[in-house]
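Here is a set of exercises to work through with the structure open beside you. Try each task on your own before reading the solution.

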Amino acid sequence: MPSELVDKYFRTEFLPHIWCPGCGNGIVTRAIVKAIDNLELNQDDVCIVSGIGCSSRASGYLDFNTIHTTHGRALAFATGIKLANPNLHVIVITGDGDCAAIGGNHLIHAARRNIDITTIVFNNNIYGMTGGQYSPTTPTGDKGTTAPYGNIDANFDLCNLAQAAGATYVSRSTVHGANMIIKQIENGIKNKGFSFIETITVCPTYYGRRNKKGDAVDMIDYLKGNTINKSAYDKLSEEDRGDKLVVGELYRGERPEYVESYDKIIKSF
Amino acid sequence: MAEKNIKLMQGNEACVEGAIAAGMKFYAGYPITPSTEIAELSATKLPKIGGKFIQMEDEIASISAIIGASLAGLKSMTATSGPGFSLKQEGLGYAIISEVPCVIVNVQRGGPSTGLPTSPAQGDIMQARWGTHGDHSIIALYPSTVKEIYTTTIRAFNLAEKYRTPVILLMDEVIAHMREKIEIPDGDEVEIYNRKKPSVGPEKYLPYEIKEGDIVPEMASFGEGYRFHVTGLVHNETGFPTSNPDLSENLVNRLFNKIEDNVEDIVEYEEYMLEDAEEVIVAYGATARSVKSAIESLRAEGIKAGMFRPITIWPVAEKQIEDIGKKAKRISVIEMNMGQYYSVIDRIASKYTSVDRYGRVNGELITPEEIISFIKEG
């Protein structure tokens, strides 16, 4: 029996989805609708905007106002939508390649404007849709079809990037902890400004297999063992911190929100 | 009778005024010479009428933002020039396949690449037609005076709404930056076309279904309760992706034919002294103004010259050009490029008459004297 969430928020006629067995994207997609359900948002008032890639296929399965845009441009489309109809809760679904490579500039500037958009990055460390090329978040040394001898690029810390660019809510979670993702999405939507939620997901098919990371369960176990919550991390001394990935709410800030600032100009006439 | 509203106005300003008269409520753009005044004036005027302006981080973001805003219900426009128009091609294709009304202004400058940023050129005729990948049709309009920029911008919005398609407004740098007298019509004299909203409730709405007697699907906006899906993938009438060969063929054909089957409605042109013309010149935009002057001189010398000036550059006024071809001794296409529209006229008219071309690509206007010599040299 599918859950009530599926019946209520999914366009079930378009299921099953296209994702591979073991893919973590379903966990994140469920977290999105669970967060929306917890916040009791009206489906008519939610707009899901996605780019191109595996993650970005999620928009089609979800029963809201949805748009699957061009590669990297989800945030630019979302900016137009939010400005045109500020009543919409605009949520962007994007991937690591979509958001950090081809769409990197749009991410920086959406964050800089602090426009009220919640961005959820499904970070699977690889270009999955095109068959496993290395992405801006593929760890240095790991392999992709276009990094057959190991990736020599430095990998991006997207949360640092978003925070530096001006996002007022920044968090990271993994598909090992679905409840943490849900909470972060709720808080991201509640934040009046640009919210950036990086969720580390798993791609056993392309990233995992090539890099001998085991199956989906092994990869999720790895996430469990190699992440540390920010509150615990902050208590550790510098030398005890190690190189575990920090998850949790990493930053909250307060700045004027873009659409509200623009409305003040309109009201001044 | 009300007092006439006569103004001295720059071409780029007339474009903004026309857009606002047509109902523009959203503008996203990126600064680029020689179109920048369109952004500056939109930034100044839009918030005063409850509209919104945003300067985006680049040209692609700008066209993406106007597509988003249009889907959320606002009439939207962006303006750019050559290098920016190259970048717009991605969003242009998206607006074509997803059938989102919007207006893209290209105040042309010399190319390729950064080219001649402050000089006129008419080199983007073919890019307007074929710049974005894949099979498609397009509507592109080409005004020749400041007054016509005003009326043609309104028409660009109307056609975008009526045919649910991006409309390109090609402008010449010299007219964009020239000031001319223009009479602004009263609001109620301006004919405005708005997209057709759904005639059914959300439960029966199919976002890409063509209702009997309609040319394009009815269009809901995000946030109105219809909860539809939009994609740049080939889709069926539900809006969801399909790779079914028949449905794919149907969609691309429908997008093409909704414009090509309505050429008579879309095509607008001026015929100047064509009635008895033996030497017919085809020209558009700024070049057409030099041609008019040349024709007056040629006529004074007894040469029966006339002009056909397409205001709609795409789709092509095939029927009219064919008729001219049957009557004229010669057709000369005069344009500030290396024969882009000539290739079109030649295809249509060369089976009836000889078709010649004259052009230049040095950033200088073509003068009436040059045109007179070209025609006289036969």
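**Exercise 1. Judge the overall form of chain A.**
Task: What radius of gyration would a compact globule of 269 residues have, and what value does chain A have?

Solution. Keep in mind from the start that this is a predicted model.
- Step 1: A compact globule with 269 residues would have a radius of gyration near 18 Å.
- Step 2: Chain A has 18 Å, so the value agrees with that of a compact globule.
- Step 3: For its extent, look at the C-alpha trace of chain A, which spans about 60 × 50 × 35 Å along its principal axes.
- Step 4: Now turn to the inside: 52% of the 269 residues of chain A count as buried.
- Step 5: Among the contacts in chain A with a separation of 6 or more, 66% join residues 24 or more positions apart.
- Step 6: As for secondary structure, chain A holds 12 helices and 10 strands.

**Exercise 2. Describe the contact between the chains.**
Task: How many residues does each chain give to the contact, and which element of chain B supplies the largest share of its side?

Solution.
- Step 1: Chain A gives 33 residues to the contact and chain B gives 34.
- Step 2: On the side of chain B, at least two residues each come from strand S2 (24-29), strand S3 (52-55), helix H3 (59-71), helix H4 (82-98) and strand S9 (229-231) of chain B.
- Step 3: H3(B) supplies the largest share of that side, with nine residues.
- Step 4: Sorted by character, the residues on the side of chain B are 18 nonpolar, 10 polar and six charged.
- Step 5: The chains also meet through strands: strand S2 (residues 65-68) of chain A pairs with S9(B) in the parallel sense, over three bridges. To find the place, look for A:Ile67, which stands opposite B:Val230 in S9(B).

**Exercise 3. Trace the sheet of seven strands in chain B.**
Task: In what order do the seven strands lie, and which of them stand at the edges?

Solution. A reminder before you begin: strands of a sheet pair through backbone hydrogen bonds, either parallel or antiparallel.
- Step 1: The order in this open sheet of chain B is S3-S2-S4-S5-S7-S6-S13, and the pairing is mixed.
- Step 2: S3 and strand S13 (312-314) of chain B each have a single partner strand, so one side of each lacks a neighbour in the sheet, and these are the edges.
- Step 3: Ignoring direction, neighbouring strands here are turned by 25° against each other on average.
- Step 4: For one pair in detail, take strand S4 (residues 75-80) and strand S5 (residues 102-108) of chain B, which are parallel over four bridges. Within this pair, B:Thr80 stands opposite B:Asn106 in S5(B).
- Step 5: A helix from the other chain packs on this sheet: helix H4 (residues 74-84) of chain A touches S2 and S3 of chain B, and its direction makes about 150° with that of S2(B).

**Exercise 4. Check how covered that helix is.**
Task: How many residues of H4(A) are buried?

Solution.
- Step 1: A residue counts as buried if 20 or more other C-beta atoms lie within 10 Å of its own.
- Step 2: By this test, 11 of the 11 residues of H4(A) are buried. Among them are A:Phe77, A:Ile81 and A:Lys82.

**Exercise 5. Trace the sheet of five strands and its helices.**
Task: Which strands of the five-strand sheet of chain B are its edge strands, and which strands does helix H10 of chain B lie across?

Solution.
- Step 1: The strands of this open sheet follow the order S10-S12-S11-S14-S15 (chain B), with mixed pairing.
- Step 2: Strand S10 (269-272) and strand S15 (354-359) of chain B are the edge strands, each pairing on one side only.
- Step 3: S15(B) pairs with strand S14 (residues 330-335) of chain B in the parallel sense over six bridges, and B:Glu335 stands opposite B:Gly359 in S15(B).
- Step 4: Helix H10 (residues 285-300) of chain B lies across S10, S11, S12 and S14 of chain B, at about 165° to S12(B).
- Step 5: Helix H12 (residues 340-349) of chain B lies across S11, S14 and S15 of chain B, at about 160° to S14(B).

Key:
Residues numbered from 1 in each chain as written. Chains lettered and ligands numbered in written order. Predicted model: local features only at pLDDT ≥ 70, side-chain atom pairs only at ≥ 80, totals over all residues. Rg over C-alpha atoms; globule rule 2.2 N^0.38 Å. Buried ≥ 20, exposed ≤ 12 C-beta atoms within 10 Å, placed from the backbone. Contact = placed C-beta atoms within 7 Å. Nonpolar A, V, L, I, M, F, W, Y, C, P; charged D, E, K, R; others polar. Pairing = 2+ DSSP bridges. Axes fitted to C-alpha atoms, helices over the stretch in contact; angles between N-to-C directions.
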